[in-house]
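Colleague: I would like to go through this model with you. Could you take my questions as they come?

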Amino acid sequence: MTAATTAWVRARSAWESSGTPALATARHLADTVTATGPGRQVFSAGPLRIAYGGYRAGHRHVLPFLQERARAAGLPTGPVAAESVSRGGPDVDVLALGCSARRAAALPSGGAVIAPFRVHLVLPLAASGLPQPVVVSRKERQRFARERVRRGWALEVTRSSHDFGDFYHRMHLPTMARRHGDAARSVGLRAARETILAQGLLFFVTEHGERRAGMLCRLDRTRRVLTLRLAGVLHGAPEHYRSGIFMATYLLIAEWAARQGVERVDLSGSEPFLSKGILQFKRKLHPRVELPPDHFAHKRLWLGVRRDSPAVRDLLAANPVLAMRGSGRFDAVYFHDARRPPRTDLRWEGLGLGAVHHLDLDAFLAGLPTAGGVL
């Protein structure tokens, strides 16, 4: 890679994810200018019609998540032809809009909730002062201690470009493909090498001496923050999740970080829904939900219902949301009605949330037009 190409890759990475306030604000303003209308992305999910509009980043985050959740409920998804979208706005049941906090607050509040566009999950290490943070659940600590001895788990730290290529091709890409299929997205090989490895470290977890899992992290020594960026297990094989080595990777890295004087481990981002699988997995570490350090901190997700129906209620009840309260507080919101109990199996504990609300859908959707079917 030439010096000019390297400089371009690094500049692009900073534009995408820099936490520098001036650059994050500039990126947010640019995103606001290029935001799309609410009718540009409409898809059907069985009897549901869902639209996304606003920041283009939502096409990579919000829209795929909603489509995945629809498919998880057994609903076939597909695009809606552009000509079927009315000129007065999309004729849909649910509208998701990526917008600024100010605009979200000015939009109708009936049948709507305001969530962060994305959240980050952060482990505070300084509070415990221990190599293994006490915020990790007791059950996970006990399992980790037992399996660590039995399986000979150990942490290996490197910055080797050759090791990085091995991790990227044999662990990260296969894991992303297995977990996300065609919807898999990641940082490209060259960008990851020049913008993450160059400013960070690569961790491997070995089992009886063999590398089975890995994680590429960025280390900010000034702010004492270690940010987990790319992860994977060998060949993406499911048995490495069953063995517990993927969770062990987080715990071993947290131990290492505490010994190095790191104060915060940023477990990276997630969509603001308790039904997000990776959020539920990381919840076991008892992180704190925070706004992202980059331009996403300025963005909000306004999720509004336009038409009440059984399918809409199913969607809301199945996906509890992390709602915004004030500038940096988060509440867990569970929707329910007489036919749909709140999905409390999607747990909120351990996330440092402000409050938990159970919203009755009859009250939440009162006054909206209804579609056919028994609610």
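Colleague: What share of the residues is buried in the protein?

Modeller: Of the 375 residues in the protein, 50% are buried. Please bear in mind that this is a predicted model.

Colleague: And how much accessible surface does the protein have?

Modeller: The accessible surface is about 17100 Å², and carbon and sulfur atoms account for 53% of that area.

Colleague: How many helices and strands are there?

Modeller: The protein contains 12 helices and 16 strands. Among contacts with a separation of 6 or more, 74% are between residues 24 or more positions apart.

Colleague: Let us turn to the interior. Which residues touch the most other members of the largest nonpolar core?

Modeller: They are Met215, Leu226, Leu228, Tyr250, Leu267, Leu274 and Val289, in a core of 45 residues. Helix H9 gives the most to this core, with 11 residues.

Colleague: What does Leu274 touch?

Modeller: Leaving aside residues up to four places away in sequence, Leu274 touches Leu279, Gln280, Pro320, Leu322, Ala332, Tyr334, Leu346, Arg347, Trp348 and Leu351.

Colleague: Which residues does the second core include?

Modeller: That core is separate and has 33 residues, including Phe43, Val62, Ala323 and Leu365.

Colleague: Back to H9. At what angle do H5 and H9 pack?

Modeller: Helix H5, residues 138–151, packs with helix H9, residues 245–259, at an angle of about 95 degrees, and their axes are 11 Å apart. Angles of 65 to 115 degrees count as roughly perpendicular, and H5 and H9 are therefore roughly perpendicular to each other.

Colleague: Which residues meet there?

Modeller: From H5 there are Glu140, Phe144 and Arg148, which meet Met247, Ala248, Leu251, Leu252 and Glu255 in H9. Five of the residues in this contact are nonpolar, three are charged and none is polar.

Colleague: A different topic: backbone angles. What is the phi of Ser268?

Modeller: Ser268 has a positive phi of about 85 degrees, although it is not a glycine. Ser268 lies in strand S11, residues 264–270.

Colleague: Is Ser268 buried or exposed?

Modeller: Ser268 has a relative accessible area of 19%. Buried means under 20%, so Ser268 is buried.

Colleague: And where is His286 found?

Modeller: His286 is in the loop between helix H10 (277–283) and strand S12 (288–290). The phi of His286 is also positive, near 60 degrees, and His286 is a residue other than glycine. With a relative accessible area of 27%, His286 is partly exposed.

Terms used. Residues numbered from 1 in each chain as written. Predicted model: local features only at pLDDT ≥ 70, side-chain atom pairs only at ≥ 80, totals over all residues. Heavy atoms only, no water. Axes fitted to C-alpha atoms, helices over the stretch in contact; angles between N-to-C directions. Helix = DSSP H or I, 4+ residues; strand = E, 2+ residues; numbered from the N terminus. Parallel < 35°, antiparallel > 145°, perpendicular 65-115°, else oblique. Contact = heavy atoms within 4.5 Å. Nonpolar A, V, L, I, M, F, W, Y, C, P; charged D, E, K, R; others polar. Core = buried A, V, L, I, M, F, W, Y, C linked by side-chain atoms within 4.5 Å. Buried < 20%, exposed > 50% of the residue type's maximum accessible area, 1.4 Å probe, protein only. Areas by Shrake-Rupley, 256 points an atom, 1.4 Å probe, with all protein chains shown as cover.
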